[in-house]
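Me: I am new to this structure and should be grateful for a close look at one part of it. Please set that part within the whole.

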Amino acid sequence: MSRASDPRRTSAEALALAVFAQPGAGARFDWGLTGAAELGRVCAALVVVDVLSFTTTVEVAVSRGMRVHPFPWGEQAAEYARRVGAVAAVGRRRTTAEHPWSLSPAALQTAPVVADLVLPSPNGSAISAAASATGIPVVAACLRNARAVGRWLRDQGYGTNDAPIGVVAAGERWPDGSLRPCVEDQLGAACVLDALAGVPGGLSVEAAMALAALASTPDVPAAVRGCVSGRELAEGGFAGDVAVATEVGVSDVVPVLRQNFFAPA
């Protein structure tokens, strides 16, 4: 009997794979695009955390009245923006006086408000765009609005075993394209999980361990400023973006992805 036709082997493998969804918990945690795909398959709501800078930029833009369309990183973003009647954000170093919209949250705080903004990024935006296909609510969380996100999810009845929440730290990328787990997204996810700590279904072991990072970090803004990603931005001339991203708990805006764009819940 072949491996594929052996029902016992197939059932055993399916059972083994099921554990990766962290069953039996109301709030779960994972990393990156693959983790988001796994949690999006079984959760009732998904939270994407990309502190430097996608979800911070989403919060800033949505708080100013813009609808934000996530899109994977690439030149096709401009074409997509034309199709949906939006403005396409460009790389931080490609802005001009006529086109000031970029992934920089500091720049978006003062850029003219547009109705629709396509915001590409290789991590948080790509994850959000892929997750939109699941049909479940996808929420953009950062240090600025983590508590508000947790409160909204609980108020909506998420966090039970029947309606679990998946919290996904986007992470960064190594030059070879592989996932680089990062301090800022782990702390951002921990802040969301802190607000979800009392959900009826409880936290998975993975979520509880992610939350534990918060207890050992007495100064979250300082940790983000001093981590690799924070230093990279600051040394590249974008310390203002780090400053905006490390304003903890200043926003009650909850951006939710529906109909392919983020808007207030």
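What follows is a request about one residue and a connected reply. Where does Ser204 lie, is Ser204 buried or exposed, and which residues does Ser204 touch?

Reply: The model is predicted, so local features are given only at a pLDDT of at least 70 and side-chain atom pairs only at pLDDT 80 or more, whereas totals for chains, interfaces and linings use all residues. Residues are numbered from 1 along each chain as its sequence is written, and side-chain values use heavy atoms, with hydrogens and water left out.

The setting comes first. The protein chain holds 12 helices and 11 strands; these are DSSP runs numbered from the N terminus, of at least four residues (H or I) for a helix and at least two (E) for a strand. Its radius of gyration is 18 Å, close to the 18 Å given by the globule rule for 265 residues, so the chain is as compact as a globular protein of that length. That radius is taken over C-alpha atoms, and the rule is 2.2 Å times the number of residues to the power 0.38. Along the principal axes, the C-alpha atoms fill a box of roughly 65 × 45 × 35 Å. Of the 265 residues, 52% count as buried, where buried means under 20% relative accessible area, exposed over 50%, and partly exposed in between (1.4 Å probe, protein chains only). Among contacts (heavy atoms within 4.5 Å) between residues at least 6 apart in sequence, 73% join residues at least 24 apart.

Ser204 lies in the loop between α8 and α9 (205-215). With a relative accessible area of 5%, Ser204 is buried. Leaving aside residues up to four places away in sequence, Ser204 touches Gln22, Ala25, Ala27, Arg28 and Phe29. Arg28 is 176 residues from Ser204 along the chain, yet their C-alpha atoms are separated by 5.3 Å. The side chain of Ser204 also makes a polar contact with the side chain of Gln22, at 2.6 Å. A polar contact is a pair of N or O atoms within 3.5 Å; within protein, one must be able to donate a hydrogen and the other to accept it, and residues adjacent in sequence count only if both atoms are side-chain atoms.

The partner in that contact, Gln22, lies in the loop between α1 (7-18) and β1 (27-31). Gln22 counts as buried, at 6% relative accessibility. Its phi is near 55 degrees, a positive value in a residue other than glycine. Most residues other than glycine have a negative phi, and most peptide bonds are trans. Asn260, in the loop between β10 and β11 (261-264), likewise has a positive phi, of about 75 degrees, without being a glycine. Asn260 counts as partly exposed, at 45% relative accessibility.

Two further serines may be set beside Ser204. Ser102 is placed in the loop between β4 (87-88) and α5 (105-108) and, at 1% relative accessibility, counts as buried. A polar atom of its side chain lies 3.1 Å from the backbone nitrogen of Ser104. Ser125 lies in helix α6 (residues 124-131) and counts as buried at 0% relative accessibility. Its side chain reaches the backbone oxygen of Leu119 at 2.6 Å. Leu119 is among the residues touched by Ser125 and also among those touched by Ser102.

Helix α8 (183-195), which precedes the loop of Ser204, appears elsewhere as well. The cover of the buried residues of α7 includes α8, together with β2 (45-49), β6 (138-141), β7 (165-169) and β10 (255-258). Those buried residues of α7 (residues 146-155) are Ala146, Ala148, Val149, Gly150, Trp152 and Leu153. Just after α7, Gly157 takes a positive phi of about 90 degrees. Val224, in helix α10 (residues 220-226), touches Glu184 and Leu187, among others. Val224 counts as buried at 0% relative accessibility. Another residue touched by Val224 is Leu52, and a cis peptide bond, with omega about 15 degrees, joins Leu52 to Ser53.
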